Amino acid sequence: SMQEISPLVEDAVALMFEAKPEQPLAFFHSYFAAVASGRHVLGRDYAYVTLTARNRFCFAQQVKVLLDAFDKGVGPQEYKDLVCMLCPDFPQQVLERAYGFASEIDGGTPAALLHSLEANLYFSEFVQQASTLFLRASLRHNSDAVPCNYMLPLFENLVETHDFSPGITPSREAVFMAFSDAVTLAQEPRTTTFQRFLKNLATAEFVQLTPACSAFTLSPAQCL
């Protein structure tokens, strides 16, 4: 879509003016050949990695290549070093959160680490809004653990009324799944915390689905 292509074209033009290549067409061809292969995100800053949905998907695939070399658990510092080798300014807070979830999910296996990183990348804008909702609710209820029956309508409204592009907006069903371990237990109102909600979001089955952005293909010739 143009929403995916336009930011990349703008970036290519900016880099071209900076590099001043003797053959601009060859420069564009090389740039979009890297885009087509998913290598264009290597060594770029976090702003570029999260610029489009496809960029996020490609970055996660590059991390997967590194993690595939491990057949056992990966330590927290090792994990940070791997990701920052691909993106030097990747936010430490995001990495710490992703590693924490992965450790709780499956003991920090490479698959769990990738799974958690994908959730934080694809849904980063949603996670920011979720943090605000939980903060307001915790102040209202004077506790970090807030009632699920209070939060669920807020989140259903959030996904219906907000566009989280270039990130991915979870479906209403996905949000319910993230609360399901608590809301399906009847009788007393159940509570949840922001951390528990994000952990459920990261482990929910929908996160494993290949996002629509992965279907984005672009031939270098199309941009010349």
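This dialogue walks through a predicted model of one protein chain, feature by feature.

Student: Where should I begin with a predicted model, and what is the mean pLDDT of the chain?

Tutor: Begin with confidence, since where pLDDT is low, the predicted coordinates should not be read in detail. In this chain the mean pLDDT is 82, and 84% of the residues reach 70 or more.

Student: Which helix has the lowest confidence, and which has the highest?

Tutor: Confidence is lowest in helix α10, residues 172-183, with a mean of 72, and highest in helix α3, residues 46-49, where the mean is 96. Over residues 183-187 the pLDDT falls below 50, and that stretch has 4 contacts in the model beyond near neighbours in sequence. Residues 218-224 also stay under 50, and for them the model has 13 contacts beyond four places in sequence.

Student: How many helices and strands does the secondary structure of the chain come to?

Tutor: The chain comes to 11 helices and 2 strands, and from the N terminus on the elements run α-α-α-α-α-α-α-α-β-α-α-β-α. As for how the chain folds on itself, among contacts between residues at least 6 apart in sequence, 61% join residues at least 24 apart. Buried residues make up 46% of the 224 residues in the chain.

Student: How do I read a single helix, and what span should helix α1 have?

Tutor: The general idea is that an α-helix has 3.6 residues a turn, so residues three or four places apart point the same way. Helix α1 covers residues 2-19, and because each of its 18 residues should add 1.5 Å, the expected span is 26 Å; the end C-alpha atoms are 25 Å apart, which agrees. Within α1, the buried residues are Glu 4, Ile 5, Pro 7, Leu 8, Asp 11, Ala 12 and Met 16, and these buried residues pack against α2 (24-37), α3 and α4 (53-67).

Student: How many residues of α7 are buried?

Tutor: Helix α7 is mostly covered, with 12 of its 13 residues buried. The buried residues include Pro 110, Leu 113, His 115, Glu 118, Asn 120 and Tyr 122. Its length can be checked in the way used for α1: at 1.5 Å a residue, helix α7 (residues 110-122) should span 18 Å, and its end C-alpha atoms are 18 Å apart, which agrees.

Student: What should I look for in the loops, and where is Lys 20 found?

Tutor: One feature to look for is the sign of phi. Lys 20 is found in the loop between α1 and α2, just after α1, and its phi is near 50°, a positive value in a residue other than glycine. Lys 20 is exposed, because its relative accessible area is 67%, where exposed means over 50%. Asn 142, in the loop between α8 and β1, has a positive phi of about 55° although it is not a glycine, and Asn 142 is exposed too, with a relative accessible area of 72%.

Student: Is Pro 147, in strand β1, buried or exposed?

Tutor: Pro 147, found in strand β1 (residues 146-147), has a relative accessible area of 17% and is therefore buried, the cut-off being under 20%. Leaving aside neighbours within four places in sequence, Pro 147 is in contact with His 141, Arg 190 and Thr 191. Pro 147 and Arg 190 are 43 residues apart in sequence, yet their C-alpha atoms are 5.6 Å apart in space.

Student: Which residues is Thr 192 in contact with?

Tutor: Thr 192 lies in strand β2, residues 191-192, and is buried, with a relative accessible area of 2%. Beyond its neighbours within four places in sequence, its contacts include Phe 134, Asp 144, Val 146, Cys 148 and Phe 179.

Student: How do I read a pocket, and what volume does the second largest pocket have?

Tutor: A pocket can be read through its volume and through the residues that line it. The second largest pocket has a volume of about 200 Å³, and its lining includes Tyr 46, Arg 56, Gln 93, Arg 97, Glu 125 and Gln 128. Helices α6 (92-106) and α8 (124-141) each supply at least two residues of that lining, and α8 gives the most, with 5 residues. By class, the lining has 3 nonpolar, 5 polar and 3 charged residues.

Note on methods. Residues numbered from 1 in each chain as written. Predicted model: local features only at pLDDT ≥ 70, side-chain atom pairs only at ≥ 80, totals over all residues. Heavy atoms only, no water. pLDDT = per-residue confidence, 0-100. Helix = DSSP H or I, 4+ residues; strand = E, 2+ residues; numbered from the N terminus. Contact = heavy atoms within 4.5 Å. Expected span 1.5 Å × (residues − 1). Buried < 20%, exposed > 50% of the residue type's maximum accessible area, 1.4 Å probe, protein only. 1 Å grid on protein atoms, 1.4 Å probe; cavity = no way out; pocket = protein on both sides within 12 Å on 5 of 7 lines; lining within 4 Å. Points joined across faces, edges and corners; volume = space filled by probe spheres on them. Nonpolar A, V, L, I, M, F, W, Y, C, P; charged D, E, K, R; others polar.
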